[in-house]
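Visitor: Could you take me through this structure? I should like to begin with how the chains meet.

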Amino acid sequence: MSGLEIPTWDPQTAMLIGAILVEAVLLYVGYGGLERLVGPRLMRVIVGGSKDVQ
Amino acid sequence: MFSNLIGVVDTSPEMLALFVGFGLVVGLLFGFFGMGGSFLVTPALLMLGYPASVAVGSGMAFVFGTAVIATLKHHDLGQVDYKLGAIMIAGTTVGIEVGRASVFYLEALGLADGIISVVYVFLLGGIGLMITREALSNDSDGGIDHDAAADEDLSEYEIPDIAKRIQETVRIPPMVTLRGDVHVSAWVITAVAFSTGVLSGFLGVGGGFIRMPAMIYAIGVPTPVAVGTDLFEIVFSGGIGSYLYGQSGGVDLGIVAPLLFGSALGARIGSAATAVVDADDIKVYFGGMLLAGSVAVGIGEIGTYLGNETLETLGLVLVIGAAVVVAAAIVFTTLRSLRASRGRVSATVD
């Protein structure tokens, strides 16, 4: 275990890392959509206006 | 894979809520400062009683997911030097493997938890001291404002003196020309990549908080290029590191999935906050958080050594508490700035 290892193909691990990749992309897209959908309204509620807010 | 998915379901609701909340805090810090945040995950997992390989492996998988999200956001900004990225990836990959092998070697000797924690204490403490000192003297940039960085011309960035000295002293061929007209030996880049890779693999962190200053101060690349290239690289290094840990059963989806769920939202809030708040305003809190983190890991380790559960709990509370306080300071300062700005607009209109 202490020596250097060359990564070998392991479908199970690849699927595990793939699942994290897919989750990251879905979260990016999902939260992006949510931000566009409720962001301005949320800012109006919190700050009282959104025109000057990015 | 399926056992990992079952692992998510098996995680208790309290732990899921804790991970989502902690992810939110870590994401907020990452989004705001552009670095520093992910390194809190591994010590927190260690203090929660996870084995070192799971704490480091899951920490690295979390970094990978966060980097994918951050890279997607910065993809369009054109801040990536692919030549630099390719050399960095090669050097970091070997470094990560050396660091990872060290963890398993030390784990076999029963020393992994202690040594990883000690390295954390010195690293967090050292960087925390440096940032706090800079913040108090107010003469430099402790965090990275991604959006502001994108607006500046690369030629406007001055190369730090130490980087100039390295570029002039180490002229071993092949020499490489990077974006921003930087000429540097490929060996300097490889050395930086390897050493930060070792730390990355050893500590289970993306290494951005070490690599970004290293790219700026040792290689001399402009800050925006360092940011973009770093994110590009973390996707690869984090992916490979997670894969290697995953093969050894070190990646727990029951930890990574909820952390990522929270951090993706936190990163958006933190990133948006950079458009409103000057990072200098709360940079000192960031340095303080790193210092508190190093003290917390130290206290936790002493507690483990003495078998004192109260000290272990105190360490965990400190490390999470420090992160929560800084995240709350970001949200508070952002809201205050927004309200002040709104007030000024209303007064002008009146």
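Guide: Contact here means heavy atoms within 4.5 Å. This is a predicted model, in which local features need pLDDT of at least 70, side-chain atom pairs count only at pLDDT 80 or more, and totals for chains, interfaces and linings use all residues. Residues are numbered from 1 along each chain as its sequence is written, chains are lettered from A in the order in which they are written, and side-chain values use heavy atoms, with hydrogens and water left out.

Visitor: How many residues does each chain bring to the contact?

Guide: Chain A provides 34 residues and chain B provides 38 residues.

Visitor: And what area is buried between them?

Guide: About 3,400 Å² is buried between chain A and chain B, and carbon and sulfur atoms give 70% of that. Buried area is the accessible area (1.4 Å probe) that two parts lose on being put together, summed over both.

Visitor: Which residues of chain A lose the most area to chain B?

Guide: They are A:Leu16, A:Tyr28 and A:Tyr31, which together make up 20% of what the chain A side buries.

Visitor: How many salt bridges cross the interface?

Guide: The rule, a side-chain nitrogen of Lys or Arg within 4 Å of a carboxyl oxygen of Asp or Glu, finds 1 salt bridge between chain A and chain B. A:Glu35 pairs with B:Arg268, and their closest N and O atoms are 2.9 Å apart. Over all chains, the structure holds 2 salt bridges. A:Glu35 lies in helix α1 (residues 11-47) of chain A and B:Arg268 in helix α12 (residues 253-274) of chain B, so this pair joins two chains. Helices are DSSP runs (H or I, at least four residues), and strands are runs of E of at least two, numbered from the N terminus.

Visitor: Changing topic, where is B:Pro174?

Guide: B:Pro174 is in the loop between α8 (161-169) and β1 (175-178) of chain B. The peptide bond leading to B:Pro174 from B:Pro173 is cis, with omega near 5°. Most peptide bonds are trans.
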